[in-house]
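Trainee: I should like to request a close look at a single part of this model, namely its largest nonpolar core. Please then place that core in the context of the rest of the chain.

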Amino acid sequence: MIYKFLLGVAIAFVLASFKLPQVGPHFLSALYNFYPDGFQGLALLLLRVSVGGLFLMHGYPKVTHLREWAESLKMPVYMCFLSAWSMLGSAICLIIGSITLLATLPLLASMLFAIFLHVKEGKPFVAQDPYLIPNDQYKGPLGKGEPPSWEKAFMYCVMLITIAVIGPGGYSLDALIFGR
């Protein structure tokens with residue numbers, strides 16, 4: 001959502017000012033002192049591309065079925081439109097490693113909102129094993145499936161915070177542009 005992006009920019013400015021770098025053309029990379037390569041860089045590349053790819057897979061159906069998604073969340077369509085497109089844009093930025101810090105912030109805000117919705121509905125952190133649930137108590141779209149919980153949203157938050165704090169790694173567009 002646009003307010004999430006603006007909040008992300010504001011947070012990045014605040015964080016950058018606390019670290020006291022020269023805020024200028026390299027502002028977006030101000031939190032990253034170096035871009036690890038080698039095995040660490042490959043691990044960050046794997047994490048970044050995996051998370052970005054998963055958000056592409058989650059964002060595309062939201063864009064193509066926007067009205068249904070908005071109705072299921074009981075949210076205005078325009079807010080879901082902004083959220084879905086920011087999810088796709090952020091996912092692409094994560095995959096290529098561009099403006100990584102700003103790309104993680106809207107996704108993190110979306111996952112925190114998802115956690116809020118799950119907790120508000122009383123869903124557990126980790127769902128009961130689907131094979132231990134009595135018959136007909138929970139059915140997924142293809143039969144017995146995974147019951148709702150907020151475990152996945154929490155794990156996405158952990159991965160996004162890791163990417164935001166450590167940075168995109170040496171195998172990224174950010175490293176190519178801002179590398180020191």
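Mentor: What follows begins with the core and then moves outward to the surface, the loops and the database record.

The model is a predicted one. Its protein chain contains seven helices and zero strands, and the order along the sequence is accordingly α-α-α-α-α-α-α. Of the 180 residues in the chain, 39% are buried. Among contacts between residues at least 6 apart in sequence, 70% join residues at least 24 apart.

The largest nonpolar core has 17 residues, and those that touch the most other members are V51, F55, L94, L107, M111 and L160. Two or more residues of this core come from each of α2 (38–64), α4 (77–96), α5 (100–120) and α6 (151–166). Helix α5 gives the largest share, six residues. M111 offers a useful point from which to view the packing: leaving aside residues up to four places away in sequence, M111 touches F55, A153, Y156, C157 and L160. Besides this core there is a second, separate one of seven residues, which includes V63, L66, A70 and A84.

Nonpolar side chains also appear on the surface. I92, I96, L173, L176 and I177 make a nonpolar surface patch of about 470 Å². Helices α4 and α7 (173–178) each supply at least two of the patch residues, and the largest share, three residues, comes from α7. I92 lies in helix α4. With a relative accessible area of 44%, I92 is partly exposed; patch membership requires over 30% relative accessible area, so I92 meets that cut-off. Helix α4 thus appears both among the elements that give two or more residues to the largest core and among those that supply at least two residues of the patch. For the chain as a whole, the accessible surface comes to about 10,600 Å², with 70% of it belonging to carbon and sulfur atoms.

As for charged pairs, a search of the whole structure finds one salt bridge. It joins E121 and K123, whose closest N and O atoms are 2.8 Å apart. The two partners can be described by their accessibility: E121 counts as exposed at 54% relative accessibility, while K123, at 24%, is partly exposed. In general, side chains of opposite charge can pair when their charged atoms come close.

Two loops that adjoin α4 deserve attention for their backbone geometry. In the loop between α3 (66–73) and α4, K74 has a phi near 60 degrees, a positive value in a residue other than glycine. K74 is exposed, with a relative accessible area of 74%. In the loop between α4 and α5, I99 likewise has a positive phi, near 40 degrees, and is also a residue other than glycine. I99 is partly exposed, its relative accessible area being 28%.

Finally, the record may be set beside the model. An unreviewed UniProt entry lists residues 37–56, 77–103 and 153–178 under "transmembrane region". In the model, residues 37–56 are 95% helix and 0% strand, with the end C-alpha atoms 25 Å apart. Residues 77–103 are 89% helix and 0% strand, and their end C-alpha atoms are 22 Å apart.

Methods: Residues numbered from 1 in each chain as written. Predicted model: local features only at pLDDT ≥ 70, side-chain atom pairs only at ≥ 80, totals over all residues. Heavy atoms only, no water. Core = buried A, V, L, I, M, F, W, Y, C linked by side-chain atoms within 4.5 Å. Buried < 20%, exposed > 50% of the residue type's maximum accessible area, 1.4 Å probe, protein only. Helix = DSSP H or I, 4+ residues; strand = E, 2+ residues; numbered from the N terminus. Contact = heavy atoms within 4.5 Å. Salt bridge = Lys/Arg side-chain N within 4 Å of Asp/Glu carboxyl O. Patch = residues over 30% accessible without salt bridge, like charges linked within 9 Å, V, L, I, M, F, W, Y side chains within 5 Å. Areas by Shrake-Rupley, 256 points an atom, 1.4 Å probe, with all protein chains shown as cover. UniProt positions renumbered as here; feature names shortened; annotations may be inferred.
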